[in-house]
Amino acid sequence: MSQGGYAVVDVDDEINDQGNGLEFKTFLPTDSNAPRATSPSPPDVPYSPFNLAYYQTYFDVDTNTVLKRVGMAMIPRSGFIAENCDGQIDLYGPFWTLTTLILVLYITSTLLSSITQYLQSSHASSNLPLLSTAVSVIYFYGLGLPALLWGATKWLGVGEWGVVEALGLYGYSMGVYIPVSLLCLIPVGILRWVLVFGGAASSGYFLVQNIYPVLASADNKMTRLLIIAVIALHGGMALAIKVLFFSNSTIGPDPIPDPMS
């Protein structure tokens with residue numbers, strides 16, 4: 001009934017005794033029986049190529065960890081994923097490494113071209129096609145090639161690694177070319193060859209040390225021959241970096257001149 005604008009509700013105290021009423025229970029924050037909203041942990045997230053929550057776990061890494069892993073990848077040795085990545089490699093670091101390398105290659109090569117044009121008293125111009133070349137070459141090698149390698153190993157029956165491990169190893173291996181690209185600002189042709197292929201030797205040895213044990217674990221012995229393709233393609237990548245980005249404005253002999261000139 002209503003009294004003075006208020007609604008008065010009569011509650012029968014014996015409702016609960018008759019079993020026809022509702023029983024209310026209040027959970028305190030410290031009550032262990034209280035239901036809590038939880039998000040699935042990384043192992044509980046189901047795999048799906050369209051499940052963004054699954055990929056989020058591979059980008060949950062801080063900058064200091066990424067820089068440490070990039071530095072450790074410059075010291076070629078086996079067991080990189082187990083020792084330096086705690087058994088689970090990330091994808092943010094490799095993508096950051098490849099993107100940074102693209103920008104460094106474009107900036108250093110453009111700067112060298114601008115200096116050369118200035119010394120020749122010609123008009124300096126930007127070379128935007130070189131940026132698209134850097135994007136195509138670096139992303140294909142750092143993302144497309146390891147995906148193809150992983151597909152080949154799956155087809156040959158290698159099941160001890162996933163596509164994330166392949167992408168991570170290739171991405172981190174390219175980190176050594178960032179300081180190499182900066183040092184290639186020195187306009188000495190022979191020195192640039194030494195720097196580029198010195199970086200190729202370091203990163204290539206890193207790849208061999210971490211990929212060959214996976215290939216050797218397969219029952220199919222022919223799988224081990226894939227390491228030859230890994231080494232050959234890595235050498236071709238180093239040659240492409242030298243020819244496309246650091247063949248201009250040199251002092252001394254250079255076996256391969258600037259193809260853009």
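A helix, as the word is used here, is a DSSP run of H or I at least four residues long, and helices are numbered from the N terminus. With that in hand, look for T110: this threonine lies in helix α5, which covers residues 92-119. What you're looking at is a predicted model, by the way.

Let's stay with T110 for a moment. Is T110 buried or exposed? With a relative accessible area of 15%, T110 is buried, because the cut-off for that label is under 20%. The side chain of T110 also has a partner: one of its polar atoms sits 2.7 Å from the backbone oxygen of Y106.

Now zoom out to the whole chain. You can count 10 helices and two strands. Starting at the N terminus, the two strands come before the helices, in the order β-β-α-α-α-α-α-α-α-α-α-α. The chain has 261 residues, and 36% of them are buried. Take the contacts between residues at least 6 apart in sequence: 69% of these join residues at least 24 apart. As for the outside, the accessible surface is about 15400 Å², and carbon and sulfur atoms account for 64% of that.

What does the record say about this chain? An unreviewed UniProt entry lists residues 95-116, 128-149, 169-186 and 224-245 under "transmembrane region". Two of those stretches are worth a closer look in the model. Residues 128-149 are 100% helix and 0% strand, with their end C-alpha atoms 31 Å apart. Over residues 169-186 the helix share is 67%, again with 0% strand, and the end C-alpha atoms are 29 Å apart.

Next, go just upstream of α5, to the loop between α4 (80-84) and α5. How many salt bridges does a search of the whole structure find? There is one, and it pairs the side chains of D90 and R69 at 2.4 Å, N to O. D90 is in that loop, while R69 belongs to helix α3 (residues 63-73), so the pair ties together parts that are 21 residues apart in sequence. In general, side chains of opposite charge can pair when their charged atoms come close. Both D90 and R69 are buried.

The loop between α4 and α5 also holds D86. With a relative accessibility of 69%, D86 counts as exposed, because that label starts over 50%. Its backbone stands out too: phi of D86 is near 55°, a positive value in a residue that isn't glycine.

Further along comes helix α7, residues 163-173, which is mostly covered, with nine of its 11 residues buried. Those buried residues are V164, A166, L167, G168, L169, Y170, G171, Y172 and S173.

For a change of scene, head to the surface. L183, I186, V188, I190, L191 and V194 form a nonpolar patch there, with about 450 Å² of accessible area together. Which helix gives the largest share of this patch? That would be α9 (residues 189-216), which supplies three residues. I186, another member of the patch, is found in the loop between α8 (177-183) and α9. At 38% relative accessibility I186 counts as partly exposed, because its value falls between the 20% and 50% cut-offs.

Definitions and conventions:
Residues are numbered from 1 along each chain as its sequence is written. This is a predicted model: local features need pLDDT of at least 70, side-chain atom pairs count only at pLDDT 80 or more; totals for chains, interfaces and linings use all residues. Side-chain values use heavy atoms; hydrogens and water are left out. UniProt positions are given in the numbering used here, feature names are shortened, and annotations may be inferred rather than shown by experiment. Buried means under 20% relative accessible area, exposed over 50%, partly exposed in between (1.4 Å probe, protein chains only). Contact means heavy atoms within 4.5 Å. Accessible areas come from the Shrake-Rupley method with a 1.4 Å probe; for residues, only the protein chains shown count as cover. Patches are made of residues with over 30% relative accessible area and no salt bridge: like charges are joined within 9 Å, nonpolar side chains (Val, Leu, Ile, Met, Phe, Trp, Tyr) within 5 Å. A salt bridge is a side-chain nitrogen of Lys or Arg within 4 Å of a carboxyl oxygen of Asp or Glu. A polar contact is a pair of N or O atoms within 3.5 Å; within protein, one must be able to donate a hydrogen and the other to accept it, and residues adjacent in sequence count only if both atoms are side-chain atoms.
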